[in-house]
Amino acid sequence: MSRTEAKQRARVGLARLRSLILGLLALAVSATACTADDDRPDIVVTTNILGDVTREIVGGEADVTVLMKPGADPHSFGLSAVQAAELERADLVVHNGLGLEENVLRHVDAARESGVATFAAGEAAGPLTFRTADDGGPEGEAGQPDPHFWTDPDRVRRAAALIADQVIRHVDGVDADAIRANADRYAGHLTDLTAWMEKSFARIPEGKRALVTNHHVFGYLADRFGLRVIGAVVPSGTTLASPSSSDLRSLTEAMERADVRTVFADSSQPSRLAEVLRTEMGGQVRVVGLHSESLTAEGEGADTYLRMMRANTTAMVDGLTGA
């Protein structure tokens, strides 16, 4: 072998060694990053409304994973195998409870049984109940628990404080003072929201304060702000139920008696609702879309709880006053 060939082989060997060292260094950095990420506490939240509230409270103290996508139906969304596994690895699971997440509750139960701390915000916020025709009594009387507590911002303020307590108690490594400061700041925003909603709903005359919705979703709002729910197209607390012909007939009769021609529907399903009611009432129905059970994607008008409630309040006041 010539001296030139030996030098070339030596250069190739050094280049390979350099590449090997750089590769090992990259793997070490990656492993360190992964370990750091794995060590960071993780809070898993089922619905996107509660996810937004939880993120406001947690700030940068932990990762918050939200399972429900923007615009999804909390009654019907399901989990992938990866998401189900995330529940069982979480430091804390925050869910609504009261039967809202119908396809997810078994996974929450499995996480609890495996030792994960879970918190049902709706059950802790002072739930109301309602009765449907299937319960054997007049609608609106005490019956089954209503899971839609977030339509009352005062109850959300109560739930937010309890979520902060749960994070401090169950999630290791968070700064308790930072969590409490975040919760206090957010409570101020919720207090402002309640005052603004009170002023907005006060504009509605007494004779126009009757609500008809696609299903029973605004009972808490009606109770808090002095409105009355006279019926729902789907006489149930879940979107998975279906109205019968007698249900629709009872609703149209109630609307006629109350002189109501506006129906509030979730913005993801207004066309179906409009078709049903217009058929029953000869086309004399105005359908107003709301973001009642899910936040929107970012920039679409209801991407936080505070923006969702302000958008819904404005639409409801305009719908009831004929603005």
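## Terms and overview

Helices, labelled H, are DSSP runs of at least four residues, and strands, labelled E, are DSSP runs of at least two, with numbering from the N terminus. The structure described here is a predicted model.

The protein has eleven helices and ten strands. Of its 323 residues, 45% count as buried. The exposed area comes to about 15700 Å², of which carbon and sulfur atoms supply 49%. Among contacts with a separation of 6 or more, 63% join residues that are 24 or more positions apart.

## Helix H4 and its surroundings

Helix H4 spans residues 105-113, and His107, Val108 and Ala111 are buried in it. These three residues lie on the same side of H4, because they cover an arc of only 100° around the axis. Arg106 and Glu113, on the other side of the helix, are exposed.

The cover over the buried residues of H4 includes helix H3 (81-89) together with strands E3 (92-95) and E4 (117-120). Just after the helix, Gly115 adopts a positive phi of about 105°.

## Nonpolar cores

The largest nonpolar core contains 56 residues, and those with the most contacts inside it are Ile43, Phe149, Val167, Phe201 and Tyr305. Helix H11 (residues 305-321) contributes the largest share of this core, namely eight residues. A second, separate core has 13 residues, including Ala210, Val233, Leu248 and Met255.

Phe149 illustrates the surroundings of one residue of the largest core. Leaving aside residues up to four places away in sequence, Phe149 touches Leu50, Asn96, Ala121, Gly122, Ala125, Arg155, Val156, Ala159 and Tyr220.

## Aromatic pairs

The count of aromatic pairs is two. In one of them, Phe149 and Trp150 meet edge-to-face, with 6.3 Å centre to centre and 75° between the planes. Both Phe149 and Trp150 are buried.

The other pair, Phe201 and Phe225, is tilted, with 5.3 Å centre to centre and 35° between the planes. Phe201 belongs to helix H7 (residues 176-201) and Phe225 to helix H8 (residues 219-225), so the pair ties together parts that are 24 residues apart in sequence. Buried means under 20% relative accessible area. Phe201 therefore counts as buried at 1% relative accessibility, and Phe225 likewise counts as buried at 7%.

## Arginines over aromatic rings

Arg224 lies over the face of Phe225, at 5.1 Å from the ring centre. Phe225 thus has a place both in this arrangement and in the tilted pair with Phe201. Arg310 lies over the face of Trp196, at 4.7 Å from the ring centre.

## Positive phi outside glycine

Leu98 has a positive phi of about 60°, although it is not a glycine. Its place is in the loop between E3 and H4. Leu98 counts as buried because its relative accessibility is 17%, and the limit for buried is under 20%.

Asp259, which is not a glycine either, has a positive phi of about 55°. It lies in the loop between helix H9 (245-258) and strand E9 (262-266). Asp259 is exposed because its relative accessible area is 62%, and exposed means over 50%.

Methods. Residues numbered from 1 in each chain as written. Predicted model: local features only at pLDDT ≥ 70, side-chain atom pairs only at ≥ 80, totals over all residues. Heavy atoms only, no water. Buried < 20%, exposed > 50% of the residue type's maximum accessible area, 1.4 Å probe, protein only. Arc of directions from axis to C-beta. Contact = heavy atoms within 4.5 Å. Core = buried A, V, L, I, M, F, W, Y, C linked by side-chain atoms within 4.5 Å. Phe/Tyr/Trp six-rings, centres within 6.5 Å; stacked < 30°, edge-to-face > 60°. Lys NZ or Arg CZ within 6 Å of the ring centre and 35° of its normal. Areas by Shrake-Rupley, 256 points an atom, 1.4 Å probe, with all protein chains shown as cover.
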